[in-house]
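These are my notebook entries on ring contacts and strand pairing. I set down each item as I looked it up.

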Amino acid sequence: MLGRLTQAGWQVTGEPEAADLLLVNTCAFIEPACKEAVDTILDLARLKEADPDKRLVVAGCLVQRYGEDLAKDLPEVDLFVGVHDFPALPELLARPAAEGALRLFQGAAPYAYGAPEPRYAATPPHLAYLKIAEGCGHRCTFCIIPKLRGPLRSRPLSTLVAEAESLAAAGVKELILVAQDTTAYGTDRAGGPGIAKLLRELARLDGLEWLRLLYGHPARITPELLETMAAQPKILPYLDLPIQHGHEEVLRRMGRGYTRQDILDTVRLIREVLPAATLRTTVMLGFPGETEAQVEALADLMEEVRFDHLGVFLYSPEAGTAAERLGPAVPRREARRRARLLKALQAKIVKARLKALVGTVQLVRVDGVSPESDYLLTGRLAGQAPDIDGQVYITAGTGRIGEVQAVRLTRALPYDLLGEIVEEGETG
Ligand code: SF4
């Protein structure tokens, strides 16, 4: 959206008070996300009340999910644009204001990315996300996303390579591939290239140093993908596999399409081909019918696999999902208690992993000056994705933002590390 708007002459400011146009891009996959989006819209509506010349636009999944209700309840919003209509945003904004003009756009057909999209970076200059596909072909019973985003539509390989090339030319060194399911890339095009081929093509581009794949599906980790990762040093041996649960019956009821044994087999394969792989996952507690014994089975699996990073979430009952018919969710309080237990278990696993790194020298990509202190730099190991994993606080030495530096790790915090840059010529 920002790429298209800046191309049409708009300038971006992070100061809502100074803006002519207030744009809220929303998430709506679970209730807390909807609430956060609505609170933000109401905050900005207050600014508009003080300055009625401002225009307020709401975009994204919340519009796709609840557009008609929002249009009724929020008369202060000038325009609602769902997930398929964002390309038309500059055009819609250029229309002269007219009494009774259509305000709600939810898309007649799912938007398919064609030509390379113009980009406006909202990330530090050395880092960018590349959306490789839109929509999802799975039907997990708890998830509303396929209804909101539509079926899987992979972007053509040539447009992704062209977009990545222009990002690299602009100074991007770390490119993070995202989609609802990145490992399904290309499976909607008969005979088309898959994720391994896309990664190989991107790895050829000059300037890009790290390629990272997020949001894989545990059932789609193939030997070809792992061997491609092993053969290309630019493709980080980092696998983000949201397993969601570790008990057979819960996985079946979630409609995830794999078993507990499949997860264990996949992890074994990953570690055979990529012994240094970093594994990230998410798990969900409180799914309808989940028993204590099933949570214990999940805890056992966590102990066996020892994921490097693990996010714990609570099941959120969502209108319009199949899980609604699977009975009531585990009471919130009990689900929270289960989540606390698993978080404590993961904290122990992470502590041991981080402690083992203290005293070693590792390559760290410097992201910038820490918001906590001008005297601290922050950076990340190859096994740490921005915003979701821990990071390295650099307490001594001079680092260049965006560059990889050798850092001696000096201390482990619960999820982060401290370290000092190893200056050139320093030994040890
Ligand atoms: S794979 Fe992810 S996006 Fe697709 S239905 Fe399942 S949870 Fe939702």
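Entry 1, aromatic pairs. I searched the predicted model for paired aromatic rings and found 2 such pairs. I describe each by the distance of the ring centres and the angle of the planes, because a pair of aromatic rings is described in those terms.

I took up Phe86 and Tyr111 to begin with. Their ring centres are 5.3 Å apart and their planes stand at 80°; an angle over 60 degrees counts as edge-to-face, so I recorded the pair as edge-to-face. I then placed the two residues along the chain. Phe86 is in the loop between strand S3 (79-81) and helix H4 (89-94), and Tyr111 is in the loop between strand S4 (104-105) and strand S5 (127-131). The two are 25 residues apart, and the pair links distant parts of the chain.

I also asked whether these rings are buried or exposed. Phe86 has 13% relative accessibility, and the limit for buried is under 20%, so I entered Phe86 as buried. Tyr111, at 17%, falls under that limit too and therefore counts as buried.

Entry 2, the other pair. I noted Phe287 and Tyr315 as an edge-to-face pair, with 5.2 Å from centre to centre and 75° between the planes. Phe287 lies in the loop between strand S11 (278-285) and helix H11 (292-305). Tyr315 lies in the loop between strand S12 (309-314) and helix H12 (332-357). The pair therefore ties together parts that are 28 residues apart in sequence. For accessibility I wrote down 0% for Phe287, which counts as buried, and 3% for Tyr315, which counts as buried as well.

Entry 3, charges over rings. I looked for arginine side chains placed over aromatic rings. I found the charged end of Arg212 over the ring of Tyr238, 4.8 Å from the ring centre. I also found Arg365 over the face of Trp210, at 4.4 Å from the ring centre.

Entry 4, strand S14. Which strands pair with S14? I found that strand S13 (residues 361-369) pairs with S14 in the antiparallel sense over 4 bridges. Strand S15 (residues 392-396) also pairs with S14 in the antiparallel sense, over 3 bridges.

I followed Leu377 of S14 to both neighbours. Val369 stands opposite Leu377, and in S15 the bridge partner of Leu377 is Ile394. Lastly, I checked which way the side chains of S14 (residues 377-380) point. Leu377 and Gly379 point one way, Thr378 and Arg380 point the other way, and I recorded all of them as buried.

Note on methods
Residues numbered from 1 in each chain as written. Predicted model: local features only at pLDDT ≥ 70, side-chain atom pairs only at ≥ 80, totals over all residues. Heavy atoms only, no water. Phe/Tyr/Trp six-rings, centres within 6.5 Å; stacked < 30°, edge-to-face > 60°. Buried < 20%, exposed > 50% of the residue type's maximum accessible area, 1.4 Å probe, protein only. Lys NZ or Arg CZ within 6 Å of the ring centre and 35° of its normal. Pairing = 2+ DSSP bridges.
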